[in-house]
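This report concerns the surroundings of the ligand and the state of the cysteines. Please consult the sequence and structure shown below.

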Amino acid sequence: MSGFSPDWLALREPADVRARDPGLLAALATHLASRASRRDGMEVVDLGCGTGANMRTTAPLLGPVQSWTLVDHDPVLLEAAREALLGWADEASENGQSIALKKEGRVIGVRFRQADLMQDLEAVIGGRPDLVTASALFDLCSVDFIRRLARAVASERASFYTVLTYDGEQAWNPAHPADASMTAAFNAHQQIDKGFGSSAGPAAPEVLALAFREHAYNVLEASSPWRIDGRAGSSDQALINALADGFAAAVSEIGQVPSDIIADWLTVRRNGSVVGHTDTLALPP
Ligand SMILES: C[S@@+](CC[C@H](N)C(=O)[O-])C[C@H]1O[C@@H](n2cnc3c(N)ncnc32)[C@H](O)[C@@H]1O
């Protein structure tokens, strides 16, 4: 339904974990620890949760009692998230739609919500969460949607933390003469409507920062590039191959680069790739 398969999300999860900026995550944890929670535990909403990768990396740094709502429009991914989190926890029990987990001394409740964020954003964020978070989502979203998001988060006076927003930078090793034109075409593809209106694509980090500053939020940013090792024997090999194939398919759809050049680009064996991302932390005034 969403175009993001559980297999692809599993392939990228280790690279995502490595890429995320630890300083920004620590700053989030410190900030949340310094504020009295609004209820018994910390309330967190994860937008476009996929299979729950963002929660698996963020929750171990947050407080002892947490309640997460994982939101996605794709029921297959929500089911995969449930399974993955049951496997990830030290202890787990199921309670209808929700699951109760224990992980590294933390008590974590999780509920799953199928919703289209374009339609239901305000309803999903309403309910006074302490934190609204997302991973690898906002380059898919339009400028208007991001501004709407900032308004909705600010009206709840929630903290906001997002990671791995694509910033348009790519470097492939070894280089190919068509790298620059391929990246330009890929970045044009990034701006196609993905269900939120024309996507902000590589401009998304800047749009996020501006949108939250308009609500007097304190915005901190850090770069979080994927550094993918494509050398023989590396555990990233399947990822770099899938990345190169997906990159070439997107470039081909845009039609700016001749197909024989794309085919030649694909013949180069890649030892590595760096893909630029930004993490953003926005704290309420
Ligand atoms: C790149 S994936 C990231 C998944 C996950 N956050 C991660 O980091 O692994 C983008 C996610 O956003 C979800 N998504 C895209 N458009 C959506 C929409 N309109 N409403 C809700 N979820 C959406 C997709 O189903 C997918 O799970």
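The shell around the ligand comprises 11 nonpolar, five polar and two charged residues; Ala, Val, Leu, Ile, Met, Phe, Trp, Tyr, Cys and Pro count as nonpolar, Asp, Glu, Lys and Arg as charged, and the others, Gly among them, as polar. The model is a predicted one, in which local features need pLDDT of at least 70, side-chain atom pairs count only at pLDDT 80 or more, and totals for chains, interfaces and linings use all residues. Residues are numbered from 1 along each chain as its sequence is written, and side-chain values use heavy atoms, with hydrogens and water left out.

In total, 18 residues surround the ligand (a heavy atom within 4 Å of it). The closest are Gly-48, Asp-72, Asp-116, Leu-117 and Ser-135. Polar contacts (pairs of N or O atoms within 3.5 Å) are tabulated here.

| Ligand atom | Protein partner | Distance |
|---|---|---|
| nitrogen | Gly-48, polar backbone atom | 2.8 Å |
| oxygen | Gly-50, polar backbone atom | 3.4 Å |
| oxygen | Ser-135, side-chain N or O atom | 2.8 Å |

Taken alone, the ligand exposes 590 Å², of which the protein buries 97% (Shrake-Rupley method, 1.4 Å probe).

As for the cysteines, a search of the whole structure finds zero disulfides (pairs of cysteine sulfur atoms within 2.5 Å). Cys-49 is in no disulfide, and the nearest cysteine sulfur, that of Cys-141, is 14 Å away. That distance is too far for a bond. Cys-49 is buried, at 6% relative accessible area (buried means under 20%, with a 1.4 Å probe and protein chains only). Cys-141 is also buried, with a relative accessible area of 0%.

Conventions:
Polar contact = N/O pair within 3.5 Å; in protein donor to acceptor, adjacent residues only side chain to side chain. Buried < 20%, exposed > 50% of the residue type's maximum accessible area, 1.4 Å probe, protein only.
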